[in-house]
Amino acid sequence: MKSISPKNLLIIIAMLLAVLVSASIIIYTGWKTDHIQWLWAVGAFVFSFITSILMLLFVNTLVLKKINQLLATVKYFRSQSAQPSTNIEYSGVEIDNLNLEILAWADDRKNEIERLKKLEIYRKEYLGNVSHELKTPIFNIQGYVLTLLDGGLEDPTINRNYLMHAEKNVDRMITIIDDLEAISQLETGELQLEPERFDIAALAKDVIDAQEMKATEKGIILTLPEEVKPTFVFADRFRIRQVLVNLIVNSIKYGKEYGETQIRFYDKGDTISIEIADNGIGISEEHITRLFERFYRVDKSRSREQGGTGLGLAIVKHIIEAHNQTIKVTSTENVGTVFSFTLKKG
Ligand code: ADP
């Protein structure tokens, strides 16, 4: 049902009041159909109608003033909110506007509380993960140092070996801290991209050469298309190198012995799609959606054994998204995995 406008409501109430007053006068004085009686009735009606209108106008103005004040206060608080989520279209009736504003404000607050709750859970999880990751190498180092202090230092069969193990654990801590630093810079938007035009095929060749030794240890070959043409993209060269390193190193870490990793390029019009395809252990369906989360690993012990921090893919995703591009993964267990991302053509 369409609501009555305040103006019409005011007239109707005034009219009713006037009818009531004039009817009361007629009933009180007794009904006589003479001129004076009619004059009284009409006069009483007009007088009470005007008085009622004036009174109601006065009350209405007062109420409206208060509603407007409330509306202004609610609007002020909404404008202070970090992310006002709803845009309101006013109906023109102040009391409806106030209602809409309060509902929208409550909605903003609800969203804000949800966001803060999620942040709190994330913060707790993040701290838990970080301390858990750092604990292992720290305890290992402590173990080696204590053994060395307990006489191991003088034992030539273990002293050098233990120091080397301790050093390996220090390296691991440095890797974790570097990855954490990279991820926090990417998440806070502190990291400014420095895009330039460069040949992604040449960069991939460069990364392959640098990872050749690691791949050969496992008998894995890293290949580029046979006749690779210069393929120019516009992106942050240093960051994209990091993406290629993370994806190629993963293909070795989770690749099968004597397997192969192919790096392929496809022209997609405005963008170039880059694929890193391996024939390794693959990833089952249920893990795919969570793969890019920080610290998410399919097989924790395998990842740690391979020196993984569980942050590599999260960093990769952040870098690609910072370029306003996308990354996808398709995989079949025991068959292999393909990571593909796009970059703007240069
Ligand atoms: P990690 O440091 O553990 O390698 P990442 O973030 O790089 O962390 O990868 C997350 C997880 O995704 C890995 O632990 C691994 O289980 C899985 N993964 C990544 N790349 C591959 C791949 N090419 N083949 C199979 N599994 C992979």
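The radius of gyration is taken over C-alpha atoms, and the globule rule is 2.2 Å times the number of residues to the power 0.38.

**View 1. The whole protein has a radius of gyration of 37 Å.** A compact globule of 346 residues would come near 20 Å. The C-alpha trace spans about 130 × 60 × 35 Å along its principal axes. This is a predicted model: local features need pLDDT of at least 70, side-chain atom pairs count only at pLDDT 80 or more, and totals for chains, interfaces and linings use all residues. Residues are numbered from 1 along each chain as its sequence is written.

**View 2. Helix α6 packs with helix α9.** Helices are DSSP runs (H or I, at least four residues), numbered from the N terminus. Residues 237-253 form α6, and residues 312-322 form α9. Their axes lie 9 Å apart, at an angle of about 145°. Axes are lines fitted to C-alpha atoms over the stretch in contact, and angles run from 0 to 180 degrees between N-to-C directions.

**View 3. Eleven side by side: R239, Q242, V243, N246, L247 and N250 of α6 meet G312, I315, V316, I319 and I320 of α9.** Contact means C-beta atoms, placed from the backbone, within 7 Å.

**View 4. The ligand has 24 residues around it.** A residue counts as near if its C-beta atom, placed from the backbone, lies within 6 Å. R297, V298, S303, G308 and G312 come nearest. Helix α6 gives the largest share of the shell, four residues. Both α6 and α9 supply at least two residues each.

Terms used
Contact = placed C-beta atoms within 7 Å.
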